[in-house]
Amino acid sequence: MTSIFARAMGDEFERLHPMLQRRFGVGLDSGEACTGRGVMWEIRRGPWWTVPFLQIGRLRNILVPDVGTLVPFTVENYPYLDPYGRETVTVVREYEIGGRRRRFDATMIFTENGIVDYLGTHQHLAVDLELHADERGGLVITTDAQRFYTGPVGFSFPMLFSGRARLREWYDDAEQQFHIDLRVVNSVFGFLFGYRGTFTCEWTPATDAPQRLKPVRHEART
């Protein structure tokens, strides 16, 4: 068994920088968790009319409505088995902005179609991810189709009310730290949200995630 990210990328996983291979090698097989700590050099958002999108997302830890520079943050990747027996990896980012704590919650699983990323505290939004290695060994993640689930209701989420994200992570050997850069764009309204920063990682033994990092509810549908 390999990590869910290695399974999704296949041979392309080997093109990632070795430090990225270890970071995205987190899983039940490796028995490791990865915790990153660093600084967001910039967190920004689009014009004033993008704020309603961000405030709605804030209610379920899906988007961050604040802006700032030199913002301390952590990102925690822990593997665990969800109630449906699926290997899951947490991607929980926490920020300190203006004395307020903000969180972005995501949990990822592997399916036959690739990685599905459940966003938020209640896994209401399921997003298909595309993962590719770039020419310098960085990882590029782009979002694709999105589905909304709540109770018995499930439907394809209209992209007019959401955004497509492009995230790039890479490792700088000279600096000995990871870099991250994210942009979320709406097809009609333009740029919604983005950040860029640097961080270092430490790995600890883990075959389960702390309860504080798990969603309030798990969604069976992908």
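**Cavity, charges and rings: a walk through the model**

Let me start with the lining of the largest cavity, whose residues divide into three nonpolar, three polar and two charged. Before going further: this is a predicted model, and everything I say today is about that model.

The lining is made up of D105, A106, T107, G120, T121, L213, K214 and P215. The charged members are D105 and K214, because Asp and Lys both fall in the charged class. Gly is put with the polar residues, so G120 joins T107 and T121 in that group. That leaves A106, L213 and P215 on the nonpolar side.

How many cavities of 30 Å³ or more does a search of the whole structure find? The search finds one. The volume of the largest cavity is about 30 Å³. For anyone new to this kind of search, rolling a probe the size of a water molecule over the atoms shows where empty space is left.

Next, the charges. Side chains of opposite charge can pair when their charged atoms come close. How many salt bridges does the structure hold? The total is 18, and I will go through some of them.

Take R7 and E87, whose side chains meet in a salt bridge with an N to O distance of 3.0 Å. R7 belongs to helix α1, residues 4–9, and E87 to strand β4, residues 87–90, so this pair ties together parts that are 80 residues apart in sequence. Are the two partners buried or exposed? R7 has 33% relative accessibility and counts as partly exposed, while E87, at 10%, counts as buried. The cut-off for buried is under 20% relative accessible area, which is why E87 falls inside that class and R7 does not.

Now E219, which takes part in a salt bridge with R217, with the closest N and O atoms 2.6 Å apart. E219 also has a salt bridge to R221, at 2.7 Å from N to O. E219 itself is buried, with a relative accessible area of 3%. Its partners are classed otherwise: R217 is partly exposed at 23%, and R221 is partly exposed at 27%.

There is also a network of salt bridges, which links E42, R44 and R196. R44 turns up again in another contact, with its charged end over the ring of F191, 4.3 Å from the ring centre. A second arginine in this kind of arrangement is R23, which lies over the face of F24 at 5.1 Å from the ring centre.

That brings us to the rings. A pair of aromatic rings is described by the distance of the centres and the angle of the planes. How many aromatic pairs are there? The count comes to eight. One of them is F178 with F199, a stacked pair, 5.2 Å centre to centre with 15° between the planes. F178 sits in strand β13, residues 177–186, and F199 in strand β14, residues 190–205, so the pair ties together parts that are 21 residues apart in sequence. F178 and F199 are both buried. Another pair is F193 with Y195, which is edge-to-face, at 5.9 Å between centres and 80° between planes. F193 is buried, with a relative accessible area of 4%, and Y195 also counts as buried, at 4% relative accessibility.

These two pairs are not separate items. Ring pairs link F73, Y95, Y171, F178, F193, Y195 and F199 into a cluster.

Last, the backbone. Most residues other than glycine have a negative phi, and most peptide bonds are trans. Two residues are worth pointing out here. L70 is a residue other than glycine with a positive phi, near 50°. Where does L70 lie? L70 lies in strand β2, which covers residues 68–77. With a relative accessible area of 53%, L70 is exposed.

Q176 is a residue other than glycine as well, and its phi is positive, near 55°. Q176 is found in the loop between β12, residues 164–172, and β13. At 58% relative accessibility, Q176 counts as exposed. The cut-off for exposed is over 50%, so L70 and Q176 both belong in that class.

That is what I have for today.

Note on methods: Residues numbered from 1 in each chain as written. Predicted model: local features only at pLDDT ≥ 70, side-chain atom pairs only at ≥ 80, totals over all residues. Heavy atoms only, no water. Salt bridge = Lys/Arg side-chain N within 4 Å of Asp/Glu carboxyl O. Helix = DSSP H or I, 4+ residues; strand = E, 2+ residues; numbered from the N terminus. Buried < 20%, exposed > 50% of the residue type's maximum accessible area, 1.4 Å probe, protein only. Phe/Tyr/Trp six-rings, centres within 6.5 Å; stacked < 30°, edge-to-face > 60°. Lys NZ or Arg CZ within 6 Å of the ring centre and 35° of its normal. 1 Å grid on protein atoms, 1.4 Å probe; cavity = no way out; pocket = protein on both sides within 12 Å on 5 of 7 lines; lining within 4 Å. Points joined across faces, edges and corners; volume = space filled by probe spheres on them.
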